[in-house]
Amino acid sequence: MDASALAYDAKGLVTVVVQDRLTGEVRMLAHANEDAIRATMASGEGHFWSRSRSALWKKGETSGHVLRVHEVWADCDRDAVVYLVDPEGPSCHTGAQSCFFDRALGGVEGRALPMLVRLEDALEARAQSSGDKSYTKSLLEKGAPKIVAKIREEADELSRAIESESDERVVSEAADVLYHVMVGLLHRRVPLRAVLAELAKRFGTSGHDEKASRGARTGSA
């Protein structure tokens, strides 16, 4: 779709939702005119239109916190678009990671986050807590042997649930596996984003080809 095909309002603008392409977190909301959309598509960096300054601007031109735009999607009415981005640094002018940190209903302290990213933040908080020990903290303190044993145990329970138990059991055991894998990632200081980036690389690649490639890299059959 060309930028000219969008349904700009009377002021020549469309709404832009900026979303992390890997985690799904909404980082900011802004507006763009046709020039901003064209600049974004041409450069691969997020451009917008400032309504207060009546000027084109690129996110990060002064702070360095640019938005690497991988995809641009229009909604059904073509009057709003989503920039799917790799954010470099905070996205809010306040210095916050996201502009959406003022809780209006529900949720927890922090900012609006997709569930797995929220879990990652919660696990990090438990690990750093100086209060009573939590299950997460105890696992981390016992180290890799305990964490690995729990992952194997939970993976076996999930396998048995998939094979012959109820959907409710499958859901419960899958949640247990995800939780313990996230603890393992935290133990190794591997961010969830790195795993999601690896999954993103595999889109459009045959699973057989991907496994063969991994085998070649490791020297295994």
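Visitor: Let me jump right in: is Glu 173 buried or exposed?

Guide: Buried means under 20% relative accessible area. Glu 173 comes out at 3%, so it counts as buried. Keep in mind that this is a predicted model.

Visitor: Which residue forms a salt bridge with Glu 173?

Guide: The general idea goes like this: side chains of opposite charge can pair when their charged atoms come close. Here Arg 169 is the partner of Glu 173, with the closest N and O atoms 2.8 Å apart. Arg 169 and Glu 173 are four residues apart in helix 5, so about one helical turn separates them.

Visitor: And how accessible is Arg 169?

Guide: Arg 169 is partly exposed, at 34% relative accessibility. Arg 169 also forms a salt bridge with Glu 165, where the closest N and O atoms are 2.8 Å apart.

Visitor: Where does Glu 165 sit?

Guide: Glu 165 is in the loop between helix 4 (144–164) and helix 5. With a relative accessible area of 30%, Glu 165 is partly exposed. You can also set sequence distance beside distance in space: Glu 165 and Ser 138 are 27 residues apart in sequence, and their C-alpha atoms are 30 Å apart.

Visitor: What about Val 183 and Tyr 135, how far apart are their C-alpha atoms?

Guide: That pair is 48 residues apart along the chain, with a C-alpha separation of 10 Å. Val 183 belongs to helix 5, which covers residues 167–188. Its relative accessible area is 1%, so Val 183 is buried.

Visitor: Back to charges. How many salt bridges does a search of the whole structure find?

Guide: The search turns up 19. One of them joins Asp 86 to Arg 193, with the closest N and O atoms 2.5 Å apart. Asp 86 is in strand 6 and Arg 193 is in helix 6 (residues 192–201), so this pair ties together parts that are 107 residues apart in sequence.

Visitor: Which of the labels, buried or partly exposed, goes with Asp 86, and which with Arg 193?

Guide: Asp 86 is buried, with a relative accessible area of 16%. Arg 193, at 25% relative accessibility, counts as partly exposed.

Visitor: Which residues are linked with Asp 86 and Arg 193 in a network of salt bridges?

Guide: Asp 20 and Arg 21 are in that network along with Asp 86 and Arg 193.

Visitor: Now for unpaired charges. Which residues form a negative surface patch?

Guide: For a patch, you look at residues with over 30% relative accessible area and no salt bridge, joining like charges within 9 Å. Here the negative patch is made of Asp 9, Asp 75, Asp 77 and Asp 79. Take Asp 79 as an example: its relative accessible area is 36%, so it is partly exposed. You'll find Asp 79 in the loop between strand 5 (67–74) and strand 6 (80–87).

Visitor: What should I look for in the backbone of a loop like that?

Guide: Try the sign of phi. Most residues other than glycine have a negative phi. Arg 78 has a positive phi of about 60°, although it is not a glycine. Arg 78 lies in the loop between strand 5 and strand 6, and is partly exposed with a relative accessible area of 38%.

Visitor: What is the phi of Ser 54, and where does Ser 54 lie?

Guide: Phi of Ser 54 is near 50°, a positive value in a residue other than glycine. Look for Ser 54 in the loop between strand 3 (47–50) and strand 4 (55–58). Ser 54 is exposed, with a relative accessible area of 51%.

Visitor: Let's zoom out. How many helices and strands are there in the protein chain?

Guide: The chain has seven helices and six strands. Along the sequence, the pattern reads β-β-α-β-β-β-β-α-α-α-α-α-α. The radius of gyration is 22 Å, well over the 17 Å that the globule rule gives for 221 residues, so the chain is more spread out than a compact globule.

Visitor: What size of box do the C-alpha atoms fill, and what share of the residues is buried?

Guide: The box is roughly 60 × 50 × 35 Å along the principal axes. Buried residues make up 32% of the 221 residues in the protein chain.

Methods
Residues numbered from 1 in each chain as written. Predicted model: local features only at pLDDT ≥ 70, side-chain atom pairs only at ≥ 80, totals over all residues. Heavy atoms only, no water. Patch = residues over 30% accessible without salt bridge, like charges linked within 9 Å, V, L, I, M, F, W, Y side chains within 5 Å. Areas by Shrake-Rupley, 256 points an atom, 1.4 Å probe, with all protein chains shown as cover. Salt bridge = Lys/Arg side-chain N within 4 Å of Asp/Glu carboxyl O. Lys, Arg positive; Asp, Glu negative; His and termini not counted. Charge placed at Lys NZ, Arg CZ, Asp CG, Glu CD. Helix = DSSP H or I, 4+ residues; strand = E, 2+ residues; numbered from the N terminus. Buried < 20%, exposed > 50% of the residue type's maximum accessible area, 1.4 Å probe, protein only. Rg over C-alpha atoms; globule rule 2.2 N^0.38 Å.
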